[in-house]
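Load the model and keep the selection box at hand. Each stop below says what to select and what is there.

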Amino acid sequence: MNRTVLLALLGTLVLTTSAVGQGSHRRGVWFGAGIGGGSTTGEDSGNEAGPAVYLRAGGTVTRDFLIGGEGIGWYWSSGDEELLRTSVSLAMLFYPVPRGNLVLKGAAGFAHAETKRPTEEGGMFFDVQREDGFAFALGAGYDIRLSQTLSITPNIDLVGYNFSGFNTGLALLSVGVTWH
């Protein structure tokens with residue numbers, strides 16, 4: 001592909017995205033769902049990577065401020081070992097540029113962790129630990145508008161988990177679909 005065709009395609013994409021971006025598209029109820037992957041590190045684990053999902057839903061307070069609920073799930077497995085991290089949080093989304101597509105997120109809520117490892121005796125015996133605690137998250141995303149009400153949204157999230165027995169963190173990269 002030559003440089004002129006590449007520049008023409010890039011220009012068309014920018015103009016199309018800019019044209020779709022006119023007007024307020026954030027109003028009423030909104031919903032988002034996404035998939036991706038993440039890596040955890042903490043007192044109970046090494047640096048494991050695994051798949052992640054999220055679901056978000058809520059209401060629009062203003063064009064630039066949304067509030068709702070968010071659920072995040074992450075899983076890792078290797079042989080007989082498994083880690084699961086989930087959270088259900090109150091999420092606040094803020095668009096710092098009026099009518100812009102950059103979104104910043106803060107969330108806080110409840111967390112759950114499950115760790116399954118073989119016991120020292122081996123065989124079919126496993127040690128399963130379950131902990132409930134507190135989760136907080138900071139994130140950023142960018143709405144790539146497909147229509148007035150539909151966007152593809154790549155996200156990066158940093159989630160911290162605090163449990164009575166340990167603390168852990170999770171870094172997530174995901175791509176979702178957002179309906180406004």
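Which charged end sits over the ring of Tyr-54? Select Arg-56: its charged end sits over that ring, 4.1 Å from the centre. The test is NZ of Lys or CZ of Arg within 6 Å of the ring centre and within 35 degrees of the ring normal.

**Ground rules**

This is a predicted model, in which local features need pLDDT of at least 70, side-chain atom pairs count only at pLDDT 80 or more, and totals for chains, interfaces and linings use all residues. Residues are numbered from 1 along each chain as its sequence is written, and side-chain values use heavy atoms, with hydrogens and water left out.

**Whole chain**

Switch to cartoon view. The protein chain has one helix and nine strands. Their order from the N terminus is α-β-β-β-β-β-β-β-β-β. Helices (H or I, at least four residues) and strands (E, at least two) are DSSP runs, numbered from the N terminus.

Now colour by burial. Of the 180 residues in the protein chain, 36% count as buried. Buried means under 20% relative accessible area, exposed over 50%, and partly exposed in between (1.4 Å probe, protein chains only). The accessible surface of the protein chain is about 9800 Å², and 67% of that belongs to carbon and sulfur atoms. Areas come from the Shrake-Rupley method with a 1.4 Å probe; for residues, only the protein chains shown count as cover.

Among contacts in the protein chain with a separation of 6 or more, 57% are between residues 24 or more positions apart. Contact means heavy atoms within 4.5 Å.

**Stop 1: Tyr-54**

Go back to Tyr-54, in strand β2. Tyr-54 counts as buried, at 5% relative accessibility. Show its side chain together with Asn-155: a polar contact of 3.0 Å joins the two side chains. A polar contact is a pair of N or O atoms within 3.5 Å; within protein, one must be able to donate a hydrogen and the other to accept it, and residues adjacent in sequence count only if both atoms are side-chain atoms.

Leave out neighbours within four places in sequence and list what Tyr-54 contacts. Gly-32, Ala-33, Gly-34, Ile-72, Thr-153 and Ser-174 are among them. Then draw a C-alpha distance to Trp-74: 9.0 Å, for residues 20 apart along the chain.

**Stop 2: Ala-57**

Stay in strand β2 and select Ala-57. Is Ala-57 buried or partly exposed? Ala-57 is partly exposed, with a relative accessible area of 37%. Beyond four places in sequence, Ala-57 is in contact with Trp-30, Phe-31, Gly-68 and Gly-69. The C-alpha atoms of Ala-57 and Glu-70 are separated by 6.7 Å, with their positions 13 residues apart along the chain.

**Stop 3: the core**

Next, the largest nonpolar core, with 23 residues. Such a core is a set of buried Ala, Val, Leu, Ile, Met, Phe, Trp, Tyr and Cys residues joined through side-chain atoms within 4.5 Å. Select Trp-74, Leu-93, Val-159, Tyr-161, Phe-163, Leu-170 and Leu-172, the residues with the most contacts inside it. Elements giving two or more residues to this core include β2 (45-62), β4 (81-94) and β8 (150-163).

Pick Leu-93 in strand β4. Leu-93 is buried, at 6% relative accessible area. Leaving aside neighbours within four places in sequence, its contacts include Trp-30, Phe-65, Leu-66 and Val-103. Val-159 touches Ile-72, Phe-136, Leu-170 and Leu-172, among others more than four places away in sequence.

**Stop 4: the rings**

The structure holds three aromatic pairs. Select Tyr-161 and Phe-163: the pair is stacked because the ring centres are 6.0 Å apart and the planes are at 15°. Rings of Phe, Tyr and Trp (its six-membered ring) pair if their centres lie within 6.5 Å; planes under 30 degrees apart count as stacked, over 60 as edge-to-face and the rest as tilted. Tyr-161 is buried at 2%, and Phe-163 is buried at 4%.

**Stop 5: Asp-143**

Finish at Asp-143, in the loop between β6 and β7 (144-145). What does its side chain make a polar contact with? Thr-153, side chain to side chain, at 2.8 Å. Another polar contact, of 3.5 Å, joins the side chains of Asp-143 and His-180. Asp-143 counts as buried, at 1% relative accessibility.

Add Ser-151, in strand β8. Ser-151 is buried, with a relative accessible area of 0%. Ser-151 touches Asp-143, as well as residues including Ile-144, Gly-176 and Thr-178.
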